Amino acid sequence: MARSLGLVVSSCGGVESRLCAELAEPAAARGWELAITLTPTAAEWLADSGELGRLRGLTGLEIRSTSRLPSRPRPHPDPEVFLFAPATAGSVAKLALGLADNQALTVLDDALGEPGVTMVVGYQVRDARFRHPAWQGHLDALASAGVRTHRLEVDREWTDVLDLLPVLR
Ligand SMILES: Cc1cc2nc3c(=O)[nH]c(=O)nc-3n(C[C@H](O)[C@H](O)[C@H](O)COP(=O)(O)O)c2cc1C
């Protein structure tokens, strides 16, 4: 089993203080080598909170939030396992529709449905999202492509979502 984990992060409330402690550090402790990509908004929030430096200490790879220049080599490997968490309602909708308007969604859209790829999406959304007529369809579209989806709770540690990843031996 490849140990590389594509960790893709969007701008859910709490990401600026919980990402390292509840997702990135526990994943690294389980043996995953982290290839981290942030949405532009998540990158801004983590830079503002000072957590970017802590995150950099968990990976030997560049933390991405923008596209590379065509003249530069690809900075990340192609992981067989992806965790998109925390995932906002907006980015879940874009992923389900195949929209890739930033580097984080490009990484996910390129990998979705690829044979041999496991993708877990941990979303944190308001209850109101479940009343939106398109929301359940987005979750169903992802499930039909083999994506495991899981709702993150604001008042519960996000770490539980790591249990949906394959077990490393
Ligand atoms: C303080 C704050 C907390 C937010 N929390 C959430 C959240 O938990 N879930 C969500 O779907 N959107 C949340 N949003 C809205 C997203 O940040 C916003 O829709 C953003 O454009 C999503 O961009 P991204 O998915 O590219 O990161 C929050 C916004 C703010 C300002």
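**View 1. Who sits around the ligand in this predicted model.** The shell is made up of S10, S11, C12, G13, T39, W45, T88, A89, S91 and Q124. Sort these neighbours by class and you get 3 nonpolar and 7 polar residues, with no charged ones. S10, S11, C12 and G13 are among the residues surrounding the ligand, and so are W45, A89 and S91.

**View 2. Polar contacts to the ligand from T39, T88 and Q124.** Two threonines reach ligand oxygens through their side chains: T88 places a polar side-chain atom 2.5 Å from an oxygen atom of the ligand, while for T39 the distance from a polar side-chain atom to a ligand oxygen is 2.7 Å. With Q124 it's the backbone that does the job, putting a polar atom 2.7 Å from a ligand nitrogen. As for cover, the ligand on its own has 640 Å² of accessible area, and the protein covers 55% of that.

**View 3. The largest pocket and its centre.** This one holds about 410 Å³ of space. Its lining counts 20 residues, and those closest to the centre are R74, P77, D78, V107 and D110. Going by class, the lining splits into 7 charged, 7 nonpolar and 6 polar residues.

**View 4. Elements that line the largest pocket.** Which elements give two or more residues to this lining? They are strand β2, spanning 33–38, and helix α5, spanning 103–111. Helix α5 gives the most, with 5 residues.

Definitions and conventions: Residues numbered from 1 in each chain as written. Predicted model: local features only at pLDDT ≥ 70, side-chain atom pairs only at ≥ 80, totals over all residues. Heavy atoms only, no water. 1 Å grid on protein atoms, 1.4 Å probe; cavity = no way out; pocket = protein on both sides within 12 Å on 5 of 7 lines; lining within 4 Å. Points joined across faces, edges and corners; volume = space filled by probe spheres on them. Helix = DSSP H or I, 4+ residues; strand = E, 2+ residues; numbered from the N terminus. Nonpolar A, V, L, I, M, F, W, Y, C, P; charged D, E, K, R; others polar. Near = heavy atom within 4 Å. Polar contact = N/O pair within 3.5 Å; in protein donor to acceptor, adjacent residues only side chain to side chain. Areas by Shrake-Rupley, 256 points an atom, 1.4 Å probe, with all protein chains shown as cover.
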